[in-house]
Amino acid sequence: MKVVKLGKSEVGRDCPPYIIAEIGSNHNGDMKLCRKLIDAAATAGADAVKFQSWSDKSLIAKEEYENNSSYSDKKRHFGSLQEMVTAYQLTPEQHVEAREYCLNNGVVFCSTPFSKSEADLLEKLEVPFFKIASMDIVNLPLLSYVAGKGRPVVISTGMATMGEIEKAVETVVKEGNDQIILLHCIAIYPPEYASIHLRNIETLRKSFDVPVGFSDHSLGTAIPLAAIALGACVIEKHFTLDQKMEGWDHAISADPEQLKVIVDEGQNVFAALGSSRRIVTQAELEKRKKFRRSLVASRGLPKGHVLTMLDLDAKRPGTGIAPDELQYVLGRKTTQDLEEDQVIHWEYLTY
């Protein structure tokens, strides 16, 4: 399994999980809120914060705008779709400001381009990798254009069949770019647990021999941590300061406390995965002395006594003859008097 470098970080199955705080459009078009989100993500320990680079012109056609002129759900929406897209888009100047703020806070800036011009903008901003949204896994012209820039490509696979994923991977490779990371993803917000199918992580890894992560849309922290336990090397998680805020994704996002749990416990889960080779650690070898048992005299025994089963019991500590060596003890004579409950050592026995 190869390793892909995202900036200074190596990402692969045997590398610590790379955590992306997906701010997306949760800045709500407000740069003051955007800076607070970056601060909070950096404090929680995320490796990167990610945005979505689209505009009111690059993402949605006139027909779709006309079909969504108002919303019944006033908690997550206001006005029309076009009004929300216009309000939540990140301008090129805001991209520059967000990148600079990320750099000053020691967290990686990255984003998902939704058009070639937005990919060009992100290239100028020297993003360490390009993220492709699930919706664009079949947008092969955009994939090809982004792959041609020679930087790692992280592809979400929500809604895609294995055949569509294969085409996407082939498109990137055809551009001479083998720096690919796939993210298992269910593009439902939030998905039913039974529909998440985390075992797809292993399926994608075996099928494409590339690092595989997980783009999570579930509520809480359990599922991304389980994904890490199954070998996910990247976790992308929507991020907000407050799940009750107005906007598209706040309700299904992790708050700062939850993101820190994913970062910290994710590291612990990765460390605990260890090796598939059976190893008894030095600490456990030491623990044997207290936790295991030794053969002891079940009653007082005189010197020269020939040992039988009736003379022996097994009790803590494990500093004497282990119970699984009983067969080598039976029939031997004691070399000294033994008190009841006295731990037996080999020097106390002879033939």
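Which residues lie nearest the centre of the largest pocket, and how many residues line the pocket? I started there, and found that the lining has 30 residues, with Q52, F114, M135, Y189 and D249 lying nearest the centre.

**Ground rules.** I noted that this is a predicted model, in which local features need pLDDT of at least 70 and side-chain atom pairs count only at pLDDT 80 or more, while totals for chains, interfaces and linings use all residues. I also noted that residues are numbered from 1 along each chain as its sequence is written, and that side-chain values use heavy atoms, with hydrogens and water left out.

**Largest pocket.** I used the grid rule for open space: on a 1 Å grid over the protein atoms alone, a pocket is an open set with protein on both sides within 12 Å along at least five of seven lines, a cavity is a set of points where a 1.4 Å probe fits but cannot get out, and lining residues have an atom within 4 Å of a point. Grid points are joined across faces, edges and corners, and a volume is the space filled by probe spheres set on the points. By that reckoning the largest pocket holds about 750 Å³ of space. Two or more residues of its lining come from each of β4, α3 (81-88) and β10 (234-238), where helices (H or I, at least four residues) and strands (E, at least two) are DSSP runs numbered from the N terminus. I sorted the lining by class and recorded 14 nonpolar, 9 polar and 7 charged residues; here Ala, Val, Leu, Ile, Met, Phe, Trp, Tyr, Cys and Pro count as nonpolar, Asp, Glu, Lys and Arg as charged, and the others, Gly among them, as polar.

**Second largest pocket, and strand β5.** I read off about 240 Å³ of space for the second largest pocket. Its lining has 16 residues, of which L103, V107, V108, F109 and P128 are the closest to its centre. The elements giving two or more residues to this lining are α4 (92-104) and β5, and the classes divide into 9 nonpolar, 3 polar and 4 charged. I then followed β5 (residues 108-113) itself, and found 5 of its 6 residues buried, the term meaning under 20% relative accessible area, with exposed over 50% and partly exposed in between (1.4 Å probe, protein chains only). Strand β4 (residues 48-53) pairs with β5 in the parallel sense over 6 bridges, pairing being accepted if DSSP finds at least two bridges between two strands. In this pairing A48 stands opposite V108 of β5.

**The cavity.** I found 1 cavity of 30 Å³ or more in the structure, and its volume is given as about 40 Å³ for the largest cavity. Its lining consists of G12, R13, C15, P17, I228, G231, A232, C233, F270 and L273, which by class gives 7 nonpolar, 2 polar and 1 charged residues.

**R205.** Is R205 buried or exposed? I have R205 in helix α8 (residues 200-208), and it counts as buried because its relative accessibility is 5%. Its side chain makes a polar contact of 2.3 Å with the side chain of E202, and it also reaches the backbone oxygen of L230 at 3.3 Å. A polar contact is a pair of N or O atoms within 3.5 Å; within protein, one must be able to donate a hydrogen and the other to accept it, and residues adjacent in sequence count only if both atoms are side-chain atoms.

**Salt bridges.** I counted 16 salt bridges, each being a side-chain nitrogen of Lys or Arg within 4 Å of a carboxyl oxygen of Asp or Glu.

- D120 and K149 form one, with the closest N and O atoms 2.8 Å apart. This pair links distant parts of the chain, D120 in helix α5 (residues 116-124) and K149 in the loop between α6 (140-147) and β7 (153-156), 29 residues apart. D120 is partly exposed at 25%, whereas K149 is buried at 17%.
- D341 and K315 form another at 2.8 Å, N to O. D341 lies in the loop between β13 (333-334) and β14 (349-350) and K315 in strand β12 (residues 312-315), so the pair ties together parts 26 residues apart in sequence. D341 is partly exposed at 41%, and K315 counts as partly exposed at 33%.
- R13, E202, R205 and K206 are joined into one network by salt bridges that share partners.
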